[in-house]
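Okay, thanks for coming, everyone. I'll put the sequence and the structure up, and then walk through a few spots in it.

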Amino acid sequence: MTGLTSIGCDLDWLRPRLAATSIGCDLGYVLETQVTREADFGSDIAIIGMSGRFPGAPTLADFWKNIAEGVESVSRFGLSDLRAAGVSEEESSNPRYVAAGGVLDDCELFDADFFGFNPREAEILDPQQRLFLEASWEALEAAGYDPGRHDGPIGVYAGAGMNGYLIENLLHNRELVAAVHPYQLMLASDKDFLATRVSYKLNLRGPSVTLQTACSTSLVAVHFACLGLLGYQCDLALAGGVSVMVPQKRGYLYQEGGIGSPDGHCRPFDQEARGTVSGNGLGVVVLKRLGDALADGDQIHAVIRGSAVNNDGARKVGYTAPSVEGQAEAIATALSVAGVSA
């Protein structure tokens with residue numbers, strides 16, 4: 001919300017939903033340029049690998065199937081769920097309380113041995129960082145790259161949500177906190193270490209940058225990853241974000257004029273839209289300069305033609321409400337950089 005971002009690319013299965021994702025892509029462009037490898041690809045960046053986990057969809061294939069079939073992945077919570085999450089009877093009985101949200105299944109699971117964590121390290125590590133580490137490996141695997149055998153620098157650009165696991169779980173366990181050095185607890189909990197932990201565990205030697213711009217974090221991460229590639233600071237780049245709110249099965253109080261939906265349903269770009277519903281999930285893409293991707297025979301899912309980041313300052317009704325003018329300027333700049341028309 002504090003930064004406005006627009007990214008232009010081309011992808012057939014996303015084309016009907018470009019407005020919903022703020023991402024535009026074109027595989028036709030890729031097919032045309034495959035026969036002209038000597039052409040100047042300028043600022044074009046290829047997406048050659050992806051990984052993600054979402055409510056009701058542990059894989060990208062499941063996520064796409066849900067979108068194609070119109071599945072609503074918002075969960076409804078019963079009283080037992082709310083009590084287990086610490087929601088009081090007074091709060092849940094409020095007529096404005098909406099017991100709904102997006103739940104990420106199995107977010108407590110982690111393959112600690114695979115990444116060289118001992119049980120105590122894994123126990124105190126923020127689940128967001130656990131999941132992002134796994135998804136980063138999966139994305140590189142999908143792209144066909146083994147970080148242990150890749151000679152060039154691989155960058156990481158990513159952001160995470162607030163660490164509710166520390167607040168709601170660890171700090172209430174006094175015995176655990178007493179058994180762990182405060183410095184180790186800080187390293188395992190602070191989102192400043194999201195990107196560098198991935199670089200450390202996967203032996204990646206490119207730029208490792210954790211960035212935060214609230215709701216636009218993942219798109220801004222992609223933007224700066226593209227700049228890192230175009231500046232030859234890395235040959236491959238991981239970019240994405242993760243948000244897992246703990247406990248998951250907790251609703252919210254609807255406020256008139258606020259961002260939350262009054263009935264727990266999210267209706268983007270619909271005349272009946274009245275608000276959004278929070279949820280958990282993560283996504284990672286592997287990026288590479290298009291010319292290099294074509295030369296190396298990588299599978300290309302989409303091409304990012306250009307991107308832009310700005311801020312709308314005080315030109316809006318409130319701090320959390322992006323202005324129409326600022327958003328339009330970001331889109332116009334991205335289109336100009338990409339060299340395409342609206």
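**A walk through the model**

Let's start with V277: setting aside neighbours within four places in sequence, V277 is in contact with V74, A100, G101, Y252, S261, G264, H265 and C266. Before I go on, please keep in mind that this is a predicted model. So where does V277 sit? It's in the loop between β10 and β11. Its relative accessibility is 14%, and the cut-off for buried is under 20%, so V277 counts as buried. One more thing on that residue: the C-alpha atoms of V277 and G102 are 7.5 Å apart, although the two positions lie 175 residues apart along the chain.

Let me zoom out for a second. The chain has 14 helices and 12 strands. Out of its 342 residues, 46% count as buried. And if you take contacts between residues at least 6 apart in sequence, 74% of them join residues at least 24 apart.

Okay, back to that loop. N280 is also placed between β10 (252–253) and β11 (281–289). Is N280 buried or exposed? It has 4% relative accessibility, so it's buried. Which side chain does the side chain of N280 make a polar contact with? That would be Q248, at 2.6 Å. Beyond four places in sequence, N280 is in contact with F54, P55, G102, L104, S243, V244, M245 and Q248. So G102 turns up again here, as a contact of N280.

Now the helices. α7 covers residues 127–143 and α11 covers 194–202, and they pack at an angle of about 50 degrees with their axes 10 Å apart. That angle makes the two helices oblique to each other. As for handedness, α7 passes α11 in a right-handed crossing. Who makes the contact? On α7 you've got Q128, Q129, F132, L133, S136, W137 and L140, and on α11 there's L194, R197, V198, K201 and L202. By class, that's 7 nonpolar, 3 polar and 2 charged residues. If you're looking at the spacing of those numbers, remember that an α-helix has 3.6 residues a turn, so residues three or four places apart point the same way.

Both of those helices come back when we look at α10, residues 182–189. In α10, L185, L187, A188 and S189 are buried. What covers them? The cover includes α6 (119–124), α7, α8 (164–168) and α11.

Since α8 is on that list, let me pick a residue from it: I167 is found in α8. I167 is at 40% relative accessibility, so it counts as partly exposed. Its C-alpha is 9.8 Å from the C-alpha of S189, with the two residues 22 apart along the chain. Apart from residues up to four places away, I167 touches M162 and H172.

Last stop, T217, which lies in helix α12, residues 217–230. With a relative accessible area of 7%, T217 is buried. What does its side chain find there? A polar atom of the T217 side chain lies 2.9 Å from the backbone nitrogen of T213. Leaving out residues up to four places away, T217 touches G159, L211 and Q212.

That's my tour. Happy to rotate the view if anyone wants another look.

Methods
Residues are numbered from 1 along each chain as its sequence is written. This is a predicted model: local features need pLDDT of at least 70, side-chain atom pairs count only at pLDDT 80 or more; totals for chains, interfaces and linings use all residues. Side-chain values use heavy atoms; hydrogens and water are left out. Axes are lines fitted to C-alpha atoms, for helices over the stretch in contact, and angles run from 0 to 180 degrees between N-to-C directions. Helices (H or I, at least four residues) and strands (E, at least two) are DSSP runs, numbered from the N terminus. Angles under 35 degrees count as roughly parallel, over 145 as roughly antiparallel, 65 to 115 as roughly perpendicular and the rest as oblique. A crossing is left-handed if the near helix is turned anticlockwise from the far one by less than a right angle, and right-handed if clockwise. Contact means heavy atoms within 4.5 Å. Ala, Val, Leu, Ile, Met, Phe, Trp, Tyr, Cys and Pro count as nonpolar, Asp, Glu, Lys and Arg as charged, and the others, Gly among them, as polar. Buried means under 20% relative accessible area, exposed over 50%, partly exposed in between (1.4 Å probe, protein chains only). A polar contact is a pair of N or O atoms within 3.5 Å; within protein, one must be able to donate a hydrogen and the other to accept it, and residues adjacent in sequence count only if both atoms are side-chain atoms.
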